[in-house]
Structure formats: structure tokens, C-alpha cells
Amino acid sequence: MKLPSRFFGSRVAGRLYLLFVLAALLPLAVSDWLAATAVTDLAREMQKNSQTRATRQVGMQVFERLTSAKALLATLPDVELAEAGAADRIRLPVASRKVFSRLVHFDANQRANWPAGSGNELLAEWRSADHGGEEAAPQALTAEAGSVQATVRIARQGDAPARILMASTVGGRLAWIGELNAEHLWEPVQDAAIDSGWRVVDGHGRSLVTKGDVDLLPAADHGATDGRADLLLVRTALFLGAEFGASEWEFIEQRAAPQARWLGLPLSGWLALVAIATVLLIALVSQRAIRHMLVPLERLTAGTRLLAAGASSTRVAVQSDDEFGTLGNAFNEMASRIEAQFGSLTAMSAIDRDVLAGQPIEHVVGRVLEQLARLYPDLPSAVCWRSAARDDVLHQLVREAGKAPATELSVLPLDAAQADAFAAIDGDSQVQGAAADAPWCGALRSPEVASLQMLPLGWGEGTQALLMVGLPAETGQLDLQPAVELRDRLAVAFSARERERVMLYRAVHDSLTGLANRSGLNEYLDRLLDADPSSRHAALFVDLDHFKDINDSLGHEAGDAILCEAAARLRASVPNGALVARQGGDEFVLVLPQVDAAIVSSIAQRVVDELVRPFVLRDEQHRFGASVGVAIYPQHGKDRIELLRHADLAMYAAKQSGRGRFELFADSLEAAAHERLRIPRELRRDMDLGKLVAYFQARVNPADGRVTSVEALVRWQHPERGLLFPDSFIALAEESSLIEDLGNWMINEACARMTLWRATHPSLQRVSVNVSPRQLASGRLPQVVREALQRHHVTAQHLELEVTESLLVEDSGDVYAQLSELRAMGVCIALDDFGTGFSSMAMLRKLPIDVMKIDRAFVKDLDTDEAALAITRSIAELAHSLGLHLVAEGIENETQARMLRELRCHEFQGYLYSKPLPPGDFSLLCSAREISARASDGVSLEAAAAPS
């Protein structure tokens, strides 16, 4: 059948035709492929199995020939030619000429002695040959006296074929070396290589022999795989280690893959012919069916193009009782609806543009009333909505029948009952009579209006807006669907406005307290300073003291309740016009516009007083207090960032001054802040540059003045400020991780010095190093001490670690465990500053300590204060009763020393004996003290103590 030309010009016809063809072709192609693949795979598998058996057989034949050669070597005589007639007694079997191409006998001195005139070339080749593997293969049998062993090696020279050497040893001595006849050895490979390629490789993957068709030879690469579909490759390993002390040989065969044929033609060709015949038959049948679809489809296509071009009056005539007829009727109905809605969509798009452009809601409402006037020109309409600021006020726009929309916005006040009634309007409904007497209905009441169609707009809680259309008594079939769609579009506008309002509020307010957040604070301050730059404004930075304890003990919900209560108190503490903001966490900021210093101080004190009052939480009272920092614009800051930063610095100064107070910013606080940043940075730099030095202060024996111990104290050789004492940088190092690195350096430095001094000052028993709480908190201190002692070859008994009383009180778990571990190592543990903290007698009994140090705070007043003497006496008696070594520090005069001798202190430390000295001066001091102790000429200890 001849097809019309339009058949080939139709895309739908072409696609359907292609679909029919593919529907037949794809299953045929898949089935043909599966059949061809299955047959080919079966043939390949059978051939591969056959090849595997063949390669194994060939390998075993080669192995048998190697075994025969080994047996032949074992039968050869092992005689010395020096014996009379020895050469005549050597008779080689006839088979040896076939198996070996060369044979040489060696005497006990490893010299060739048969055949006559042979040299040691074969022995040299044997020694340079290898076993053919990564490492020498072990011989399976142990050489015994009289036993004969055979070993195989591979000799190579340049590109020449590899030669196989076999040697026999008798009782561990080399007797015979023979070169195997290559033709005889590889004869099984040659016989098997008829229609295939063979390669034998050693353990290195290097070729021993290749046989067969050159085109079918396997790749020389040891790791080669059968990557070609037209070839089959099989590998078989021949293990020679146990029998011949050599690595395995691998036999590789490769031959052409089999092909399935029938009647001389490949199976794939037969399957292709069957598929082509089937597809042609299906193509002929499908052409007739497709031809009958083209005419109605072309009419529908033309109508759709006209409709898309804007001709909404387009209709199509499809006379058919099938699905194409149904499709034509549906198209005509759709065109009618599009024509009716086209004008509505134009208005809707205008409303959407107004919403996206952020037009005022009154403008959008006016646009809706204009569209209602086009849809229902004889019906009045109105829109009323709640004020964003007040729930008891309605805004309203009204369009009277036959007139343009109202341009003036009406405001309707509501009482509480009316506001609740408006919010309770639910669902689309018609009202009349008394139900239409509500204030929002008054503008539409008239003799011509019998009822009102109510279309509420709801979001959030209850109805927020209302669209109303006045209906006469006789309305007939009035389609209100366009009015409903306008209501829905208006709801989008209202919800967008509300969403924007909420987002703006959330962007600048704290979600927990309702106060301004950081962004709101920044915006307010920027506006305030830009609008009134000449007035004085104040910023108060407020931080609750000890607030973290509530979160840690009672949970974050309790903490949130405290923050909300604190926010309420702060609001009540500031005058109208001030801003209260939550900076984050438990930090608040108060901004007081146009105030003087007296008012600021009064409000700051009021804030402190309000927040010090107890907070009631879960029927319990909790006291916090607050620290307040005050900065005044422009005196303490020229812009927002500087003003808030200085208020923050003042707040931290209030905390450091004891908390529960307010502090006014001063320039010294800025300098201190820079110092807190600069000191750790420079300290880290100078630690890396080796600018830290250790000084040492002696601890002497009260009886003879010898230096028995020493305390290591850190000094910082600052490149600009000179030698710095610990008071100027240790506190800042404690606030960072620097203190741990500093403490570890001191431990290593003290151990290094102790190694030197123990050799020259035998009376020096211990070096003492102060330990920081951060060192113990890290949990790494025992390991650091252990490594330092090992590195500098110092015994643990010569190291003393000083810990403070307050550190042990704060942590009685992990700290005790670490100190106990150190003490078990032999390290001496000293309790420093005893009596200045809050230790209890029960705690002291459990402490893992060996030494107790009397703080200088008590020693300095011994000769002037009876209370200091009483406390010191109590500490001494306590130490003696607990069996502790007692050290008194801070001794500055002989009276103090005499009184401490009476209290039986074991060691003295202080400026009376020595100030902290660099290592060299300290060594001189030790020597002078030892000489003074041994002297009997009456020289005073003080005179001997002066360093040179």
C-alpha cells in the first residue's frame, strides 16, 4: 500500500512507527543476543576446560623430564680423578646425551675434573644463575651424609633463550652440573603448540620458552590477562620448590576462541536474518493503523496552535466515535473555559506583580475591587482587614454598584465582642437580616442588596480579612468562582505581608525573650548615632554571674526561665525609649539615649540591684547577680563597634573586681585588653625562639646551710622589655594552652640541670617544679614526666612536683589519680601554699603528698604577729604528725629562721639564703655552701652565700 506523503512528514506518525518497530526489534535483539551469548559462552567454557587439562598435562610431562634428569644425575658416579684410573670408571648412561647437552663433574675443591680439559665456565654460570623467583626457594629435603640432592637454576645471557641448569650435591657438596637439553625438555610444549601459542615463565614472569603460532603467543607480561574476546588464555603453575629448590614455573597457553556455526553461517547471522524478517512484517502492519490517526491529529494540532497564538475562539471539528472524537470535544470545552478565564488571569497577574513589587496592601485591595467591578458590574463589593498594629481596628475599602472602587481608606473601631465575632467568621457563607448588621457590613447595606456573600481570609489565629459581595434578591445562576479565586489571590497578598512582617521581627528580635537580638541592637545603635551624633548615649553590657551553674545543674529549660525573668527585670529597670537587647547567652545590652553620667550610674546600679534579687525557680531561690560594663558615646566610642567593645571590656573589669557591680570604661582597660592579646602571642613566639630561661632558688639544710633542694622558676627574656618575672605572664598563659607547653618545658629543663648538678653537688637531692592545673587537666602529666626522666637519665626520687591546695580541692578525682601514679613512680609530691585555701583535715589525710610548704604569707609576719606564729606552729605540728617533709619559704631574716628551726622545719627557702639565680650562679652557690659547711674557721653562712 502506498502511503500518503504526509505520513513521512508527521512527527507523531514517525514516532509511532518507530515505537512499533522498536517494540519488536528490542525483544528480538535481546533474545538473539542472549542465545548467541549462551552458546558462545558454553563453547568457550568447554574449550577453556580442555585447554586447562592440556596445560596441566604438558606441565606434568615437563616435570617428569626434570625428575628423570634428577634421577639420571643421582646414578652418575662421584669419584676423584686423582685416583688411578678414575677417569676410566666414569661411564655416562646413553640417556644422558639426550637429557643433558653438557655435564661436568667437580671434585671436593669445586674444580672441574671431568671431562678432561673442561673448565669452570659451567660452575660460574651455575653461580650466576637464579632460582627464577623473588627469593630462593627452600630445598625440601635436608642434606644428609651420602644423600644426593638436585637443584634447578636458570641461566640467562642477554637476549639469548634461557638455559636450564641442574646440579646434584652429595652430602651437601656440589658433584655434577648439567645443562638440560632444551629440545628434550620442552618437547611436550612443542608437541602441544599445534594451533595455539605457548609461553613458559619463571617466578619473575620472565620467559623461559615460547612455542607455537606467533599471532597466538601470550603476552610476555607476567600479569597479562585474557582481555580479547576472540582469544582464550589458560595458566597452570608447576611447583618446583620441594623437588628442585626453584620457584614455580607457569605454563600459559592461548588459542583462538570457538565460534558457533550452522550450515556454514555463524549463529549470530541466522538470528539477525530472523529478526529482520520479523521487523519488516510488523512495519507493514503498523503503517495502516498509523495512517488513520493522522487526519484528526492534524486538526487538533492546528487548533492548538491557534489557541496558543491567542485565538481563544478557536474550535475543532473531529467527527469520530473513538478517543480522537472525545479529545476534540474536550479541546473545544477547554477553549471555552480559557476564553472565559483569560481576562481573569490578566487581572490576577497584575495582582501578583503588585504583591511581588511590595505594593501597599491598600493598592492590592483596590486592584481586586477593580476586577470584581469587571466581573460583577451591578453588584457592590468590599474588603475589610485587621490593622497590623491593633486587633480592635478594621481597615475597609468599598466599591458601590456601577461605580469605581473607593479610593479613601475607612477605619472601623471594634469593641471586644465585635473583634471576637470578626475573628470567628468561618467558611464561605451568605448572610442576611440581623446577621448583616455587623459594622463591617454597613457600607453594603441598601434596599437593592438582599444578602451578602462572605468570603473570609484566614491565617494565623482566626479570620484576618473579609471579602464581601452584595447580592440582589433575584440573582439567577451567579458564578462566584471568580470571586473565590480573587479572594484566594488576596489571601496570598495578606499572607506575604504577614510573613514579611514576621521575618523582619524575627530578624531583629530574640526568639526566647522577645528582646532585640544582635542584629536589632546593631540597627538601633546605628540609627541612633547617625540621627543624633551630638548627644550623649550610653551602652550597658550586662552579664549574669554564675549563670552557667544553672544550665549545668538544672538544665537549659531552667536557664531559659532565668533569662526570661532577667529580661523582664531589665525592661522594668530602664526608662521609656531605651532599648534592651540580648546579645547572646546570658549577655544583655542596654542602650540609653540622651543621658548624662549621673543617670547612667543610677540606672546601672538599679540593674545590679534588680538582678541580685533572688530568682524563684521550682520553689527554690537562686541568686546570681550581674556584672555591668558602661561606655558612653562619644567619650568612650566614636561608633557602634567601639562603643560596644568598650562596654564589654568594662563588664569584664567588673567581673575581675569581684562581680555584682558596675564599672565605667577607662582607657587602661583597653591597654589591658591589648596586653592580654599581645602577651600570649609573644610568649608563644619566644618559646619557639628559646627566649625562656630557668632560674633556681636554693632550699638549704637548717643545720649546716648546705643546698639540699632547689626550686625551678621560669623567667622570660623579652627582646624589648628585658627579663620578665612570672607575675607578668603566667596568669595569661594559664588562660590558654601555653601553660601546658611552658610547664612541660620547665620539667625537661629542671631534669636536664639536675643531671649535671648531681655529678658536682652530691648534697643536692631534689629539683622542684610547679605544676599548673591545666597540666593535670590534660591527663598527660605522668607521661610527660616519665619521658623527661628517661630522656635526661634522672631517677624519679630527684624530681619534686609542687601543686597548690586549691587545685586539689577543686578536683578530687582525676587529679588524685595522676598524682598517685606519679608518686608510685617515685616522684615527690609537694603541697604548696598550704593554709591559704580551704583544705579540710579529712582531705589532707587523703592527699598523695610527701612535702608540705609553709606559705610566705605566714613566714613574713612570724616575728611581728602572734597569730601568724600560731598558725605556722599548727602547720608544722600537723606536718610532723603526718610524717611529711616540711619546707618554709619566704625567709628574709635570721629571726624568722631561728623560729622555724625551733618548729623543726626540714628545709629553708628565701632571700636570706639566696634569690633565684641563673644556672651558673646557682652552681657556684652550691659549691660555696658546701665549702662553708665543711669549714671550721667560723665564716658565716651568709657571707659564703654571696655569689661571685
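Author: Before we start, a salt bridge is a side-chain nitrogen of Lys or Arg within 4 Å of a carboxyl oxygen of Asp or Glu. Also keep in mind that you're looking at a predicted model.

Reader: Okay, so how far apart are the closest N and O atoms of Asp488 and Arg487?

Author: Those two form one of the 38 salt bridges in the structure. With the cut-off at 4 Å, Asp488 and Arg487 qualify, since their closest N and O atoms are apart by 2.9 Å.

Reader: Is Arg487 buried or exposed?

Author: Its partner Asp488 has 39% relative accessibility, so Asp488 counts as partly exposed. Buried means under 20% relative accessible area. Arg487 has 9%, so Arg487 is buried.

Reader: Glu889 and Lys853 form a salt bridge too, so how many residues apart are they?

Author: Their closest N and O atoms are 3.2 Å apart. Glu889 sits in strand β32 (residues 885–889) and Lys853 in strand β31 (residues 851–854), so the pair links distant parts of the chain, 36 residues apart.

Reader: And what is the relative accessible area of Lys853?

Author: Glu889 is buried at 4% relative accessibility. Both Glu889 and Lys853 also belong to a salt-bridge network, with Arg699, Glu711, Arg766, Glu800, Glu802 and Glu907. Lys853 is buried as well, and its relative accessible area is 0%.

Reader: Let's try the sheet: which strands stand at the edges?

Author: There's an open, antiparallel sheet of 6 strands, in the order β14-β13-β12-β17-β16-β15. From one strand to the next, the twist averages 30 degrees. Two strands have a single partner each, so one side of each is left without a neighbour in the sheet: β14 and β15.

Reader: Which residue in β14 stands opposite Gln396?

Author: Strand β13 (residues 393–399) runs antiparallel to β14, with 4 bridges joining them. Opposite Gln396, you'll find Ser410.

Reader: Which helix lies across β12, β16 and β17?

Author: Look for one that runs at about 35 degrees to β16 (451–458). Spanning residues 481–508, this is helix α14.

Reader: How are the rings of Phe422 and Trp440 arranged?

Author: They make up one of the 10 aromatic pairs in the structure. Their centres are 5.2 Å apart, and planes over 60 degrees apart count as edge-to-face,. The planes of Phe422 and Trp440 are at 75 degrees, so the pair is edge-to-face.

Reader: Where does Trp440 lie?

Author: Both residues are buried, Phe422 at 1% relative accessible area and Trp440 at 5%. Phe422 belongs to helix α13 (residues 416–423), 18 residues from Trp440 in sequence. Trp440 lies in the loop between β15 and β16.

Reader: Which residues do ring pairs link into a cluster?

Author: You can tell this cluster apart from the edge-to-face pair of Phe615 and Phe624, because it's made of other rings. Its members are Phe696, Trp757 and Phe922.

Reader: Last one: which element has the lowest mean pLDDT?

Author: Across the protein the average pLDDT is 81, and 89% of the residues score at least 70. Over residues 936–948, though, pLDDT stays under 50. Strand β33 has the highest mean of the elements, 94, while the lowest, 40, belongs to helix α32.

Terms used:
Residues numbered from 1 in each chain as written. Predicted model: local features only at pLDDT ≥ 70, side-chain atom pairs only at ≥ 80, totals over all residues. Heavy atoms only, no water. pLDDT = per-residue confidence, 0-100. Contact = heavy atoms within 4.5 Å. Buried < 20%, exposed > 50% of the residue type's maximum accessible area, 1.4 Å probe, protein only. Pairing = 2+ DSSP bridges. Axes fitted to C-alpha atoms, helices over the stretch in contact; angles between N-to-C directions. Phe/Tyr/Trp six-rings, centres within 6.5 Å; stacked < 30°, edge-to-face > 60°.
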